[in-house]
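Notebook open, coffee ready. Today I'm looking up how some strands pair, what sits around one residue, and how one helix is placed.

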Amino acid sequence: MSKRGCLCCGIGVIVVVGLFVLFSWLITAQIHSPKCSIEKFYVPALDKAYSSNKNAATSNTTISFDLRFKNQNGVGSGVYYDALNISLYYYEKSNSGGDLKRLPIGNVSIPGFYQAKVDHRLETVQTFGVPWEEARVALSNRSTTMFRLDLASSIRLKIPIRYVMTTDREKLNLGVNVSVNDQGMKTVPGSLRLTSASSHINPCSILVLVLSVLCLIR
């Protein structure tokens, strides 16, 4: 092969690699995991409007919440959710001091669904093992009680690049502490976002998607 041919071949490889890197960066920069937040969180047993009536307060030991799911990607994209496993916890004071220990109090499984832009899931969970008297004492002392909601699922993203593609399944593990006041409501106004470092989309999944698109373009 002549020197001219080697030079052209080398330039061609550099151009292809450069385009691949640029294309990968452009796609990765525009793909985001869905945003999950708690819009409402209500504990009737801690609502002072009902807790004065002890029978009414102890008979309803459920927790109700509204989960909001927002697709943060562009038009035409979407999110496929596998079943959502929700776990609820109560932070109980330990006997040895002021430390808190996490006490499991309930769970629910929400069927999988497809989300285009924004979606809500309203659930009511029957709790068990909550030390309600301790919680009410804390509230009567002008304090708050602390709960936690954890969410575990797997998702796939639908990305309309040139052809509609979906990423591989990625684990979604999110959670947030929820402070509750004497009205049985969360103390944080507005949305309370669930977060976790493990909720980001795996870059390897994006690279596979890019390679697939490049093959189709060819």
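Before I start on strands: two of them pair if DSSP finds at least two bridges between them. Also a note to self that this is a predicted model.

Entry 1, strand β1. I looked up β1 (residues 35-47) and its partners. Seven bridges join β1 to β2 (residues 62-70), and the two run antiparallel. β1 also has two bridges to β12 (residues 192-193), again antiparallel. Then there is β11 (residues 183-185), antiparallel to β1 and joined to it by two bridges.

Entry 2, who faces whom. Which residue of β12 is the bridge partner of serine 37? I found arginine 193. Tyrosine 42 took two look-ups: its bridge partner in β2 is serine 64, and its partner in β11 is methionine 185.

Entry 3, threonine 62. This residue belongs to strand β2. Is it buried or exposed? Its relative accessibility is 14%, so it counts as buried, the cut-off being under 20%. Its side chain makes a polar contact of 2.7 Å with the side chain of asparagine 60. Leaving aside neighbours within four places in sequence, I listed its contacts: Tyr42, Val43, Pro44, Thr124, Val125, Gln126 and Thr127.

Entry 4, helix α4. In α4 (residues 132-140), I noted Trp132, Ala135, Arg136, Ala138 and Leu139 as buried. They cover an arc of only 155° around the axis, so they lie on the same side of α4. After the helix comes arginine 142, with a positive phi near 60°.

Note on methods: Residues are numbered from 1 along each chain as its sequence is written. This is a predicted model: local features need pLDDT of at least 70, side-chain atom pairs count only at pLDDT 80 or more; totals for chains, interfaces and linings use all residues. Side-chain values use heavy atoms; hydrogens and water are left out. Buried means under 20% relative accessible area, exposed over 50%, partly exposed in between (1.4 Å probe, protein chains only). The arc is that of the directions from the helix axis to the C-beta atoms. A polar contact is a pair of N or O atoms within 3.5 Å; within protein, one must be able to donate a hydrogen and the other to accept it, and residues adjacent in sequence count only if both atoms are side-chain atoms. Contact means heavy atoms within 4.5 Å.
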